[in-house]
Amino acid sequence: MEYRNYRFTICKLIQIIIISFFVVMYFFGAKTMNYVSSNIVHADSDIVIVLDPGHGGKDVGAESLSGIAEATYNEKIAGYIAQELENYEGITVYFTRYEKVGVIQDRHTLLARVQFGKDVDADLFVSLHCNGSKSTSDNGALIILSKGEFKPELNKIPSILAPRILQRFESEVGIKNCDIMLRDSESKYYDYIDENGKRYNADYYGIIRNGVLLDIPTMLIEHGYITGSSDIKILDDDSNLQKLGAITATEIAEYFNLQKRNDNTKPNFVELKPQEELFMSEDIPKTVYTSDGFVDLSSFGGSGNGDIFYESSDWAIFTIEGNKAIIVGNEGSAQITVTKKTDGVYSSNSSKGYTITVKEATATPKPTATATPKPTATATPKPTATATPKPTATATPKPTATATPKPTATPTTKPTIAATATQATTTEPTSSPTVTQSTTVLLTFTPEQTEDITIQPTVTNSNNQPTTLDNTKSNSCINMNDNTAFVIIVVEIALLAVIGIIVVVKRSRK
């Protein structure tokens, strides 16, 4: 009987320890998991490659010497890369856009393109372009990468692939190797900021910078100059475009150690449906004042169940917080764009920019502030100054009547009028910077970038100055250190074991 009780106690103890272990792991996991949208698409394969055919829709990019749009070359090269990658196992390929050149509803901001890569868990984001120049003597291919000072781990894959691809472009296709290009942003507002507050120069090109901010290894390939006298002869031959695509694809496959398919299984190329056109609502005011504080944003159109987000083209005019455009306080115009993300059936899509102009709020109160005090200031003292001395001149107490009322009547009315005017002018300007913290996305069109719109998520601090958004923390709850978690689990299991031993000892003594 005593042995049976002892065995029963040991079994219960083991059950308690196992249950406790899973309870601890459950709550630990709930604290450390990263929460993501239910609309995010996750590929079934090990490696996910996102190909971004540059430009598209009405944005045709540069025009070649033969009159062909850059976007057309980009689409063909993307197709050839995907075609070659279909020969390998363990890879899934997405395009950021699926429509052809000239389709009106096919719009994608740079942030929308890279965000798509984030939504499908991309292992590598490859943006495909052809260069353009005013000089026909400019020829050669180059690849743009991040400088790698901030989040250097993201530059590992691109920095290995880039030189290999460029060398093969030159040796196998005949396009000169113009090497790797690194370029700093020209504005300190785009600086990367790490968790310790250290600042790093941001990358100039929007695609590259957003790849860093969204933690995606990113590279931008310029496949030669379509305006170059020698490059155009190569790029106008589709067989050469196919070679360029195959080189990029095989280098990707070799880096990820992908194996060729041995069967006729369906290739892992995901073709999403294009969305219907997306619009900003027309009832959004096109002119607002700095004192208004914010503008409510709304949109319609598009397809599918993807989440939407808004972008501002100028952080100095508007910042974005959810579906509100927060007025920073400066005069000027900015374009607001809405993007509907992918839901796994439809690709992402962006609207045309909606222009909103902000005017200074002090422009309206100024005339009223100066108009009201002037008449009241001149109207009140004049009658009192003339009315009092006349009757007192005929009366007996002449000196006392003129001495007391004159000084008291004029000083009391004038200061009060000046005080109210001062309050009106000092309180209005302070009402414009109402938001102390808000998220914004920057879009700055620069001539050097052609399509590359500069987009930067930032937040404004208590002084209403922009600082770079740390996207490494934006989607996560509080994270516990792995060592700390291990110690907690071991200690808890040890305590349960001690309690169990005490129970066993007491029962054995009975």
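Helices (H or I, at least four residues) and strands (E, at least two) are DSSP runs, numbered from the N terminus. Residues are numbered from 1 along each chain as its sequence is written. The model is predicted, so local features need pLDDT of at least 70 and side-chain atom pairs count only at pLDDT 80 or more, while totals for chains, interfaces and linings use all residues, and side-chain values use heavy atoms, with hydrogens and water left out.

**Exercise 1. Describe the chain as a whole.**

Step 1: Start with the secondary structure, which comes to 14 helices and 21 strands.

Step 2: Turn to burial, where buried means under 20% relative accessible area, exposed over 50%, and partly exposed in between (1.4 Å probe, protein chains only). Of the 510 residues in the chain, 44% are buried.

Step 3: Look at contacts, meaning heavy atoms within 4.5 Å. Among contacts in the chain with a separation of 6 or more, 74% are between residues 24 or more positions apart.

**Exercise 2. Check the span of helix 2 and find what it packs against.**

Step 1: The expected span of a helix is 1.5 Å times one less than its number of residues. For the 16 residues of helix 2 (residues 70–85) this should give 22 Å, and the end C-alpha atoms are 23 Å apart, which agrees.

Step 2: Twelve of those 16 residues are buried, so helix 2 is largely enclosed by the rest of the structure. Among them are Tyr-73, Ile-77, Ile-81 and Leu-85.

Step 3: The partners of these buried residues include strand 1 (47–53), strand 3 (124–131) and helix 7 (238–255).

**Exercise 3. Do the same for helix 4.**

Step 1: Helix 4 (residues 156–173) has 18 residues and reaches 26 Å from its first C-alpha to its last, close to the expected 26 Å.

Step 2: Its buried residues include Leu-161, Ile-165 and Phe-169. Strand 4 (141–144), strand 5 and helix 6 are among the elements that cover the buried residues of helix 4.

Step 3: Go just past the end of helix 4, and you meet Gly-174 with a positive phi of about 95°.

**Exercise 4. How do helix 3 and helix 5 pack?**

Step 1: Axes are lines fitted to C-alpha atoms, for helices over the stretch in contact, and angles run from 0 to 180 degrees between N-to-C directions. Helix 3 (residues 110–119) and helix 5 (residues 206–213) pack at about 40°, with axes 9 Å apart.

Step 2: Angles under 35 degrees count as roughly parallel, over 145 as roughly antiparallel, 65 to 115 as roughly perpendicular and the rest as oblique. Helix 3 and helix 5 are therefore oblique to each other.

Step 3: List the residues that meet: Leu-110, Leu-111, Arg-113 and Val-114 from helix 3, and Gly-206, Ile-207, Asn-210 and Gly-211 from helix 5.

**Exercise 5. Examine two aspartates with positive phi.**

Step 1: Most residues other than glycine have a negative phi.

Step 2: Asp-179 is not a glycine, yet its phi is positive, at about 75°. Asp-179 sits in strand 5 (residues 177–181) and is partly exposed, with a relative accessible area of 47%.

Step 3: Asp-215 also has a positive phi, near 65°. You will find Asp-215 in the loop between helix 5 and strand 8, where it is partly exposed at a relative accessible area of 30%.

**Exercise 6. Place Ala-62.**

Step 1: Ala-62 lies in the loop between strand 1 and helix 2.

Step 2: Not counting residues up to four places away in sequence, Ala-62 touches Ile-68, Ala-69, Glu-70, Gly-132 and Ile-226.

Step 3: From C-alpha to C-alpha, Ala-62 and His-129 are 9.7 Å apart in space, and they are 67 residues apart in sequence.
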